[in-house]
Amino acid sequence: MTSPRRPASPPAAPAASELGALRERIDAVDDQILALLDARAEVVRRVGEIKRERRETFHVPQRERAVLARLTNAATGAFPREAVRPVFREIMSACLSLESPLVVSYPGPEATFSHLAGRTRFGLSARYAPAASLGEVFRAVGRGADYGVVPVEEATEGLVTHALDHFIDSDLLDILIVGEIIIEASHALLTHAGTTAGVERVYAHPVAAARCAAGLTVAVPGAAILAAPSAAAAAVLARDDAGGAAVAPALAGELFDLAVAEARLDDGPADVARFLVLGRVAPPPTGADATSLLVGLDDVPGRLADVLERLGAAGLNLRRIASRPTVRQRAMGGRATGLRDLFFVDLDGHQDEPACRAVLERLAAELPLLKVLGSYPRDVSVDARGSANEGRA
């Protein structure tokens, strides 16, 4: 009796050979992309040589914005349009480092939201210099850092008024607001393996722990919550503890060799944070700008209402206003003043636009103090991660 014949093995699926061919095509395209990146870097290197010969500034934000806008508008193929800006921002950041690496100061330590905001705007190739305080960021820009990044507003906490206070000092007249950055200030749960298995202790700054209390209960029930002085310290403690985890921005995972187990641990809605970019060169108008003012008023009834009415009559939309009471006379803008209140005012428009310039000149002639802190492009991000922020070229 003969054994039953085994069915013949089916021939190899055509899809397998096609998949191999497609992967080879991807490799070839990647090689072409790398060659083009090298070609771009060589052009940028030559641009840097010419700028050095002419003693021109290396970083030209308006050129960057124009390039990114052109590329985004040209993205009509399969590549995701929303990914164009972040991809080319990093290409621009890396290429500009060949000319002269940007130095960006921010209130440290590492892995703060200010650090994250700076990386969102200036890319991975800038040199980030943590400062001991907000005042040190202002002084670093005054001493030659290209930019400073300072927090100014949080959705849940409101205005960071002590950051605005540094604009009051008369020795900072050369420091301008040259941009703004808006990001989602969310906390991640960082672990060794990217899972919550085996987590016994969670290190977190007390404020971060409070914001993520319910999320921690769900993600790591029973784990001990231990206080850390900063997000960076929490990440270091977790890294050195086999049973440890950290509550920190996802950036801390990149910096301290941890993986994201929960991308967003925060309770409640997303907390959007606003940061100001400090610099020394005023950006030209773009058509989508904001202007920040420091306004000092004497004790005259209705004075603030009159100022706001005149700004509105000039067609200038008010974005926000915050008051800072003064308790002593200050020498500001070359004037000795006995002001009752100072107001920080943000409005739409650029100080070089005729309507804006005219009303500001009239108010400056009448008020005890009106100081333009800067006119700068608004952050028009369509998502809280800042994917539409201006990039680098």
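Phe113, Ser114, His115, Ala117, Gly118, Arg119, Thr120, Arg121 and Phe122 are the buried residues of helix H4. That makes nine of the ten residues in H4, so the helix is largely enclosed by the rest of the structure. Keep in mind as you look at it that this is a predicted model. Right after H4 comes Gly123, with a positive phi near 85 degrees.

Now for what H4 connects. Strand E1 (residues 103-107) and strand E2 (residues 127-131) pair in the parallel sense, with five bridges between them. To get from E1 to E2, the chain passes through H4 (residues 113-122), and this β-α-β crossover is right-handed. If you want a spot to check the pairing by eye, look at Pro107, which stands opposite Ala131 in E2.

Elsewhere, there are some holes to look at. How many cavities of 30 Å³ or more does the structure hold? The count is three. Here are the largest and the second largest, side by side.

| Cavity | Volume | Lining by class |
|---|---|---|
| Largest | about 100 Å³ | eleven nonpolar, one polar, three charged residues |
| Second largest | about 40 Å³ | nine nonpolar, no polar, no charged residues |

Let's take the largest cavity to start with. Its lining is made up of 15 residues, and those nearest the centre are Val152, Leu164, Arg274, Phe344 and Asp346. Strands do a good share of the work here: E11 (272-279), E12 (289-297), E13 (318-325) and E16 (341-348) each put at least two residues into the lining of the largest cavity. Charged side chains turn up too, with three charged residues in that lining next to eleven nonpolar ones and one polar.

What lines the second largest cavity? You'll find Leu293, Val295, Leu304, Val307, Leu308, Leu311, Phe343, Val345 and Leu370 around it. By class, those nine residues are nonpolar, with no polar and no charged residues in the lining. Which element gives the largest share of this lining? That would be H11, with four residues. Helix H11 (303-313), E12 and E16 each supply at least two residues to the lining of the second largest cavity.

If you're tracing the strands, E12 and E16 are worth following, since both names come up twice. Each of them supplies at least two residues to the lining of the largest cavity, and each also gives at least two to the lining of the second largest.

Methods: Residues numbered from 1 in each chain as written. Predicted model: local features only at pLDDT ≥ 70, side-chain atom pairs only at ≥ 80, totals over all residues. Heavy atoms only, no water. Pairing = 2+ DSSP bridges. Right-handed = clockwise from strand over helix to strand, strands pointing away. Buried < 20%, exposed > 50% of the residue type's maximum accessible area, 1.4 Å probe, protein only. 1 Å grid on protein atoms, 1.4 Å probe; cavity = no way out; pocket = protein on both sides within 12 Å on 5 of 7 lines; lining within 4 Å. Points joined across faces, edges and corners; volume = space filled by probe spheres on them. Nonpolar A, V, L, I, M, F, W, Y, C, P; charged D, E, K, R; others polar.
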